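Visitor: Could you walk me through this one, starting with the strands and then moving on to the side-chain contacts?

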Amino acid sequence: MPQDAPPNGSAHDPVPEGPWSRVAGMQAKLHRWAAADPGRRFDDLFNFVHDPATLYVAFCRVEGNRGANTPGVDGMTVRLVEQRIGVQEFLDDLRAQLKAGTFRPLPVRQRLIPKPGGSGKLRKLGIPAVADKVVQAALKLVLEPIFEADFEPVSYGFRPMRRAHDAIAKIHHFGTSGYRWVLDADIEAAFDNLSHCAVLDRVRARVKDKRVLALVKAFLKAGVLTELGEREETWTGTPQGGLCSAEHNPPYEQCRVMRSAGLLALVTATLGVEHCA
């Protein structure tokens, strides 16, 4: 049975001053604890999510994204936040909402774009509001180091300090080591059909903090505003462009790498594999 972790607020490790250093120190501790105990469930993570340093770094991450000035349903962009509200006032208000439990994600603004390959099919993208982007980024800063400890080394997609070229280099290495078969697989409409129950169960395996779980669920259930201006509920799936999408790399490239980067694990587990000595 997984063991419940004591509140992280009890940790007193020295952390260097400054938002980026504070967040890096927090992430290092969470990752170290998660790697040391695969059954550990973390409590009191919500304090990390609304910590001023976390929110500041999260805002900087959003500001550095290519979609920083693409508005959500409220019409706000990072530039407008800076011009009309001010970053510090914006983050202070966001922190107050999170602490008071009054923060509610807005529906994402849906945009349909052509899928690559000229098939004529469309891919659904979801554009969150700026405040939602910042809170999602804050959640990612806190949750990512915990779940990173559970990933296999052959996994490259959507992970920090890893990129497409690393996976391609590994594939070339396997190719020169005698492997001749590649299994290329795809999950049709994976983002559209993602089970919310499955996601939340997976998060609960590592996270005990009910406030964090409620926040993740709120984003999954936030709904969509279609291009026709109609509100749709989200019973399954998560819009690409939100919490579950790649933050700094082209999603299409990342998805292709995810399908092929686990070459060794896939090939060695598949019957009919040919390995030339």
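Guide: Two strands are taken to pair if DSSP finds at least two bridges between them, and the elements themselves are DSSP runs numbered from the N terminus, with helices being H or I of at least four residues and strands being E of at least two. On that basis, strand β3 (residues 108-114) and strand β5 (residues 224-225) run parallel and are joined by 2 bridges. Please keep in mind that this is a predicted model, in which local features need pLDDT of at least 70 and side-chain atom pairs count only at pLDDT 80 or more, while totals for chains, interfaces and linings use all residues. Residues are numbered from 1 along each chain as its sequence is written, and side-chain values use heavy atoms, with hydrogens and water left out.

Visitor: What is the bridge partner of Val-108 in β5?

Guide: Val-108 has Val-224 as its bridge partner there.

Visitor: And in what order do the strands of the open sheet come?

Guide: The order is β4-β3-β5-β6, so to speak of the whole, 4 strands form an open sheet with mixed pairing. The edges are taken by β4 (122-127) and β6 (231-232), and because each has a single partner strand, one side of each is left without a neighbour in the sheet.

Visitor: Switching to rings, how many aromatic pairs are there?

Guide: The count is 3 aromatic pairs, where rings of Phe, Tyr and Trp (its six-membered ring) pair if their centres lie within 6.5 Å, and planes under 30 degrees apart are called stacked, over 60 edge-to-face and the rest tilted. One of them is Phe-103 with Phe-219, whose ring centres are 6.1 Å apart with planes at 55°, so this pair is tilted. It connects distant parts of the chain, since Phe-103 lies in the loop between α5 (87-100) and β3 while Phe-219 belongs to helix α9 (residues 210-220), 116 residues apart.

Visitor: Are those two buried or exposed?

Guide: Both Phe-103 and Phe-219 are buried, a label that means under 20% relative accessible area, with exposed over 50% and partly exposed in between (1.4 Å probe, protein chains only). Another pair is Phe-174 with Tyr-179, with centres 5.8 Å apart and planes at 70°, so that one is edge-to-face. Phe-174 is buried at 8% relative accessibility, and Tyr-179 is buried at 18%.

Visitor: Now charges: how many salt bridges does a search of the whole structure find?

Guide: The search finds 10 salt bridges, each being a side-chain nitrogen of Lys or Arg within 4 Å of a carboxyl oxygen of Asp or Glu. Among them, Arg-159 pairs with Glu-148, with the closest N and O atoms 3.0 Å apart. Arg-159 sits in the loop between α6 (130-148) and α7 (164-175), whereas Glu-148 is in helix α6, 11 residues apart. Arg-159 is buried at 8% relative accessibility, and Glu-148 is buried at 14%.

Visitor: Which residues are joined into one network with Asp-209?

Guide: Asp-209 forms a salt bridge with Arg-211, the closest N and O atoms being 3.3 Å apart, and salt bridges with shared partners join Asp-44, Asp-209 and Arg-211 into one network. Asp-209 is buried at 2% relative accessibility, whereas Arg-211 is partly exposed at 40%.

Visitor: Last one, how many disulfides does the structure hold?

Guide: It holds 0 disulfides, taking a disulfide as a pair of cysteine sulfur atoms within 2.5 Å. Among the cysteines, Cys-60 is buried at 18% relative accessible area, and Cys-197 is exposed at 58%.
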